[in-house]
Amino acid sequence: MKLFVFGLGYSASQVVRQHGAAFTHLWGTVRAPAKPEQDGATLLRFDGSAVGAAVDPRLPAALADADALLVSVQPGLEADPVLAHFASAIAAAPNLRRIVYLSTIGVYGGHGGAWIDEEAATMAGNPRQAARIRVEAEWLALGARAGVPVSVLRLAGIYGPGRNALDDLRAGEARRIDKPGQVFNRIHVTDIGHAVMAALAHPAPPRLVNVTDDEPAPAPDVVAYAASLMGIAPPGLIPFATAELSPMARSFYGANRRVRNAVLRRDLGVDLAFPTYRAGLDALWASGEGRS
């Protein structure tokens, strides 16, 4: 299988790093490549602009040669830059057999802390959520036109090496925002890699898949557990009502839901390496994260 990745960011780079040996060739786009390769992937420039984007001249041929496509580019409020530039080329790609699009559980909006699954209604509480909902539908429609299965993986809050509560505590940047009753799902980036590979390999992958851990939990609990691993006192609680938060961060706390991952486990057969935040933080601490 030859894999083309739009957007070699944090999550997609982990997929390539973990599973690159499974592919006979890899291409990945970055905004401005400083080197020809990364983790075995040939780097191609695509700066992600919806209009007038800088595009590597080798990109169309690579896209036409790919068997599988992983899309990890955040859409703009008006358009998905990948679809804006390459929808026709993707639909016409002669070898393409599978598309995986990385989205977010943010498309569900808030459900009052209730348990939900892929059948739950999506809610556009802000322009970013509206854009995600629209672009998910556009990718599914493109797949239907091209006769290529598309799996939309809705990711929970991503953490992993270099992006976790341990490192936040070490840097003095961790805060415990207290909003009673608020819970979030998370997902370790390693398990995102497992989910992507399962979707690429499955003979009939589901169209929508929640990629989350088993245990939604309040954000302050995660920081407190990380502090316990480090042997330090956790930061004090900050009431949500008086916390200084950016509009994006405040909207993040506006959602309250518990997201099930039964499709991920049952239909894709993914056995999570880190089913809880405690398991993930234990492994990160053991690997040296959060140490000075």
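**Helix 7 against helix 10**

I began with the way helix 7 passes helix 10, and in this predicted model I found the crossing to be right-handed. I then looked up the geometry of the pair: helix 7 covers residues 219–230 and helix 10 residues 277–286, and the two pack at an angle of about 35° with their axes 10 Å apart.

Next I listed who meets whom. From helix 7 the contact takes in Asp221, Val222, Tyr225, Ala226, Leu229 and Met230, and from helix 10 it takes in Tyr277, Arg278, Leu281, Asp282 and Trp285. I sorted the residues of this contact by character and noted 8 nonpolar and 3 charged, with no polar ones.

**Asn164, in a loop**

I followed Leu281 to another neighbour, since Asn164 touches Leu281 as well as Leu284 and Glu289, when residues up to four places away in sequence are not counted. Asn164 sits in the loop that runs between strand 9 (157–159) and helix 5 (165–170). Is Asn164 buried or exposed? I read a relative accessible area of 4%, so I entered Asn164 as buried.

I then checked what the side chain of Asn164 does there. One of its polar atoms lies 3.0 Å from the backbone nitrogen of Leu166, and the side chain also makes a polar contact, again at 3.0 Å, with the side chain of Glu289. For the separation in sequence I took Gly280, which is 116 residues from Asn164 along the chain, while their C-alpha atoms are 9.5 Å apart in space.

**Asp56, in another loop**

I turned to Asp56, which belongs to the loop between strand 4 (41–45) and helix 2 (59–65). Its relative accessible area is 11%, and since anything under 20% is taken as buried, I recorded Asp56 as buried. The side chain of Asp56 reaches the backbone nitrogen of Arg58 at 2.8 Å. Leaving out residues up to four places away in sequence, I noted that Asp56 touches Leu43, Leu44 and Arg45.

**Salt bridges**

How many salt bridges does a search of the whole structure find? I counted 10 from that search, and I looked at several of them individually.

Arg134 and Glu138 join through their side chains in a salt bridge, at 3.6 Å from N to O. Both belong to helix 4 (residues 127–146), and because they are 4 residues apart there, about one helical turn separates them. I found Arg134 partly exposed at 29% relative accessible area, and Glu138 likewise counts as partly exposed, at 33%.

The pairing of Arg154 with Glu136 is a salt bridge of 2.6 Å, N to O. Arg154 is in strand 8 (residues 150–155) and Glu136 in helix 4, so this pair ties together parts that are 18 residues apart in sequence. Here I read a relative accessible area of 4% for Arg154, which is buried, and 3% for Glu136, which counts as buried too.

I also checked Asp267, which forms a salt bridge with Arg266, their closest N and O atoms being 2.7 Å apart. In this pair Asp267 is partly exposed, with a relative accessible area of 31%, whereas Arg266 counts as exposed at 57%. I closed the entry with a network, in which Asp214, Arg265 and Asp271 are joined by salt bridges that share partners.

How values were computed: Residues numbered from 1 in each chain as written. Predicted model: local features only at pLDDT ≥ 70, side-chain atom pairs only at ≥ 80, totals over all residues. Heavy atoms only, no water. Salt bridge = Lys/Arg side-chain N within 4 Å of Asp/Glu carboxyl O. Buried < 20%, exposed > 50% of the residue type's maximum accessible area, 1.4 Å probe, protein only. Axes fitted to C-alpha atoms, helices over the stretch in contact; angles between N-to-C directions. Left-handed = near helix turned anticlockwise from the far one by under 90°. Contact = heavy atoms within 4.5 Å. Nonpolar A, V, L, I, M, F, W, Y, C, P; charged D, E, K, R; others polar. Polar contact = N/O pair within 3.5 Å; in protein donor to acceptor, adjacent residues only side chain to side chain.
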